[in-house]
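Please take a moment to look over the sequence and the model together. The paragraphs that follow lead through a few of the strands, the turns that join them, and one helix.

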Amino acid sequence: MSLSPSGNRRARTAVAAAVLLFGVNACKSDGSTLPHSSRTRVPPAGPALPFARTVDPLTQEQARRSILALEDLGPGWSAGALKDGVPDPGDDDFPTLTGDSACDRALKGAPSGQSRITVGAEREFEQDRTTLKLVVSAQVHAGNGAVVHLAQTRAMVEGCADVEIPMRDGVTARYRAIAAPAVADEALGMRIVMSTGGAPGSDTITGETMTVRLGPNTVTILVVGAGLDPNVLDRITRRAAERLQAAARE
């Protein structure tokens, strides 16, 4: 179902908030699908805390260079402006209890802590003649916040797979793990299905995220709208990891 203008705004806001809450770090916006069972186990757990830092935090200029460019996507895409910025800390004030006992146990068992993002950059891409969008963001987390965020997300998509989680303004979200390539220090894929109302047939939007972590730095690809080939998402994720590693070496 296509979204109404108001539904689209609400869904995009809710996807961004859900992404921030559970540690996949897009600054703004709202994907596509891979088949998985409702209790997909997330491939391998992240490193123990605290972690050994593999690289230093990126500078603002390095973060900008780690963002995908138009040539990384190939023909048929257009690119928006490269923007600097970090998420509003107030965007993560959503409930962490869902009412589902297994889900709540998974969330309570995840590492505690909240990440402070110190550096961020973002660019949005649109696919020609479709409604498909990509939002690619790079962020630097203070301390071991990047590891904590991915560990919290991993616990959520494993323990809360397909659980309907209430968000703001009547919006609900369901999450599921999707396969991610073995790149950098770790990578994590997640599918998000947002509904802007509780009744059957309510406006929905599906998003997929891939987050790549290298030390305290993350790059996240947020797919907005269905139809991106999983092989294309895998290729783009691998290219994002290459860019992140190259920027960190500079």
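Two strands are said to pair if DSSP finds at least two bridges between them. With that in mind, in this predicted model one can begin at F125, whose bridge partner in strand β4 is L134. This is one contact point in a longer pairing, since 9 bridges join strand β3 to β4, which covers residues 133–141, and the two strands run antiparallel. The hairpin that β3 and β4 form has 5 residues between the strands, and there R129 takes a positive phi near 65°.

Strand β3, which spans residues 117–127 and includes E126, also pairs with strands that come before it in the numbering. Strand β1 (residues 77–79) is joined to β3 by 3 bridges in an antiparallel arrangement, and within it W77 stands opposite Q127 of β3. Strand β2, made up of residues 83–84, likewise pairs with β3 in the antiparallel sense, over 2 bridges, with K83 having E122 as its bridge partner in β3.

E126 itself gives a closer view of how these parts come together. Leaving aside residues up to four places away in sequence, E126 touches G76, W77, S78, L132 and K133. E126 and A79 lie 47 residues apart in sequence, yet their C-alpha atoms are 6.5 Å apart in space. Is E126 buried, partly exposed or exposed? Its relative accessible area is 36%, and because partly exposed covers the range between the 20% limit for buried and the 50% limit for exposed, E126 counts as partly exposed.

Further along the chain, helix α5 runs over residues 145–159, and its 15 residues reach 21 Å from the first C-alpha to the last, close to the 21 Å expected at 1.5 Å a residue. The helix is mostly covered, with 14 of its 15 residues buried.

A further set of paired strands is built around strand β8, which comprises residues 204–214 and is also mostly covered, 10 of its 11 residues being buried. To one partner, strand β7 (residues 186–195), β8 is joined by 10 bridges, and the two run antiparallel; in this pairing R191 stands opposite E208 of β8. To another partner, strand β9 (residues 217–224), β8 is paired in the antiparallel sense over 8 bridges, and here R213 has T218 in β9 as its bridge partner. Strands β8 and β9 form a hairpin with 2 residues between them, and G215 in the turn has a positive phi of about 60°.

Note on methods: Residues numbered from 1 in each chain as written. Predicted model: local features only at pLDDT ≥ 70, side-chain atom pairs only at ≥ 80, totals over all residues. Heavy atoms only, no water. Helix = DSSP H or I, 4+ residues; strand = E, 2+ residues; numbered from the N terminus. Expected span 1.5 Å × (residues − 1). Buried < 20%, exposed > 50% of the residue type's maximum accessible area, 1.4 Å probe, protein only. Contact = heavy atoms within 4.5 Å.
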